[in-house]
Amino acid sequence: MKRVLVLFLTFCVLVAPLSAEAELSYKPYGEDEFPIWTMKLRRAESLFFGSMVLSLPLSVLAWNLMESAGWVQADGIQEFGWQLLIASGLSLGISTADWIIGEVTDAEAT
């Protein structure tokens with residue numbers, strides 16, 4: 001059974017490039033190729049995950065301070081879950097604030 005699986009996976013890996021179509025020339029995206037809302041969503045996604053780099057250590061630090069003060073009590077994965085929830089909330093606030101600022105700025109420009 002293992003040999004059949006290995007042969008099947010090898011076949012799939014070797015045959016996949018044969019069906020791929022090579023693109024020989026690069027074509028840049030057009031001005032109207034994507035809707036505006038997808039660009040705004042992409043910016044919000046980049047800000048959300050980019051700010052997690054800062055918000056996660058801050059939430060861990062805040063959690064440790066609250067735990068040493070005796071305000072919260074959790075262990076193991078539950079503790080990390082709360083820290084991740086706090087960091088996600090902070091990152092969501094940052095990306096939402098950026099979206100609001102962008103909408104207000106666009107409204108004033110028109």
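1. Leaving aside neighbours within four places in sequence, which residues is S55 in contact with? The answer is A87, L90 and S91. The model is predicted, and the points below should be read as a description of that model.

2. S55 is found in helix α2. Its relative accessibility is 3%, and because buried means under 20%, S55 counts as buried. The side chain of S55 also reaches the backbone oxygen of A87, at 3.2 Å. A87 therefore appears twice for this serine: in the list of contacts and as the partner in a polar contact, for which the cut-off is 3.5 Å.

3. D32 is a different case. This aspartate lies in the loop between α1 (2-19) and α2. With a relative accessible area of 73%, D32 is exposed, since the threshold for that class is over 50%. D32 and A16 are 16 residues apart in sequence, and their C-alpha atoms are 32 Å apart in space.

4. The largest pocket has a volume of about 160 Å³. Its lining consists of M39, K40, R43, A44, S95, D98, W99, G102, E103 and D106. Helices α2 (36-69) and α3 (76-109) each supply at least two of the lining residues. The largest share, six residues, comes from α3.

5. By class, the lining of the largest pocket has five charged residues, three nonpolar and two polar. K40, R43, D98, E103 and D106 are the charged residues in that lining. M39, A44 and W99 count as nonpolar, while S95 and G102 count as polar.

Note on methods: Residues are numbered from 1 along each chain as its sequence is written. This is a predicted model: local features need pLDDT of at least 70, side-chain atom pairs count only at pLDDT 80 or more; totals for chains, interfaces and linings use all residues. Side-chain values use heavy atoms; hydrogens and water are left out. On a 1 Å grid over the protein atoms alone, a cavity is a set of points where a 1.4 Å probe fits but cannot get out, and a pocket is an open set with protein on both sides within 12 Å along at least five of seven lines; lining residues have an atom within 4 Å of a point. Grid points are joined across faces, edges and corners, and a volume is the space filled by probe spheres set on the points. Helices (H or I, at least four residues) and strands (E, at least two) are DSSP runs, numbered from the N terminus. Buried means under 20% relative accessible area, exposed over 50%, partly exposed in between (1.4 Å probe, protein chains only). A polar contact is a pair of N or O atoms within 3.5 Å; within protein, one must be able to donate a hydrogen and the other to accept it, and residues adjacent in sequence count only if both atoms are side-chain atoms. Contact means heavy atoms within 4.5 Å.
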